[in-house]
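Got a minute to look at a protein together? Below are its sequence and structure, and after that some questions and answers about the words we use for it.

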Amino acid sequence: MLAGVSIEDPDTTYIAPGVEIGADTVIKPNTHLLGSTKVGEDCIIGPDCYIEDSIIESGSKLQFTQVINKK
């Protein structure tokens, strides 16, 4: 959060060590970011997203989504 990432509900959000998230990105409730995931800048992720070992481009908006091994 110190790097400009907003996490709306930290109690229901899981971000694994090593996940990279760009500035001005919003992480909504019930979102899990796992593995070697990289999220670009200015994204909205969630609610209810599961992303593992994937690259999410800057400016993306995802909700109710499962993404695994998308690079």
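**Why we call it that**

Q: Why is aspartate 53 called buried yet said to have no salt bridge?
A: Buried means under 20% relative accessible area, exposed over 50%, and partly exposed in between (1.4 Å probe, protein chains only). Aspartate 53 counts as buried, and the nearest side chain of opposite charge, lysine 71, is 5.2 Å away. A salt bridge needs a side-chain nitrogen of Lys or Arg within 4 Å of a carboxyl oxygen of Asp or Glu, so this pair doesn't make the cut.

Before we go on, two notes on the model. It is predicted, so local features need pLDDT of at least 70 and side-chain atom pairs count only at pLDDT 80 or more, while totals for chains, interfaces and linings use all residues. Residues are numbered from 1 along each chain as its sequence is written, and side-chain values use heavy atoms, with hydrogens and water left out.

Q: What makes a residue a contact of aspartate 53?
A: Contact means heavy atoms within 4.5 Å. Leaving aside neighbours within four places in sequence, aspartate 53 is in contact with Leu34, Gly35, Ser36, Thr37, Asn69, Lys70 and Lys71. Aspartate 53 itself lies in the loop between S8 and strand S9 (55–56).

Q: Why is the pair of glutamate 8 and lysine 28 called a salt bridge?
A: The closest N and O atoms are 3.0 Å apart, and the limit is 4 Å, so the pair qualifies. The two sit in distant parts of the chain, 20 residues apart: glutamate 8 is in the loop between strand S1 (6–7) and strand S2 (14–15), and lysine 28 is in the loop between strand S4 (26–27) and strand S5 (32–34). A search of the whole structure finds one salt bridge.

Q: Why are glutamate 8 and lysine 28 called partly exposed?
A: Glutamate 8 has a relative accessible area of 46%, and lysine 28 has 23%. Both values fall between 20% and 50%, so "partly exposed" is the right label.

Q: What makes aspartate 11 count as exposed?
A: Its relative accessibility is 75%, and exposed means over 50%, so aspartate 11 fits. You'll find aspartate 11 in the loop between S1 and S2.

Q: How do you know that the protein has zero helices?
A: Helices are DSSP runs of H or I with at least four residues, strands are runs of E with at least two, and both are numbered from the N terminus. By that rule the count comes to zero helices and eleven strands.

Q: How do you know that the radius of gyration agrees with a compact globule?
A: The radius is taken over C-alpha atoms, and the globule rule is 2.2 Å times the number of residues to the power 0.38. With 71 residues, that rule gives a value near 11 Å; the protein has 10 Å, so the two agree. The C-alpha trace spans about 25 × 20 × 20 Å along its principal axes.

Q: What makes the phi of asparagine 30 worth pointing out?
A: Most residues other than glycine have a negative phi. Asparagine 30 has a positive one, near 60°, and lies in the loop between S4 and S5. Aspartate 42 is not a glycine either, and its phi is positive at about 55°.

Q: Which peptide bond is called cis?
A: The bond from glycine 46 to proline 47 is cis, with omega near 10°. Proline 47 is in the loop between strand S7 (44–45) and strand S8 (50–52).

How values were computed:
Lys and Arg count as positive and Asp and Glu as negative; His and the chain ends are not counted.
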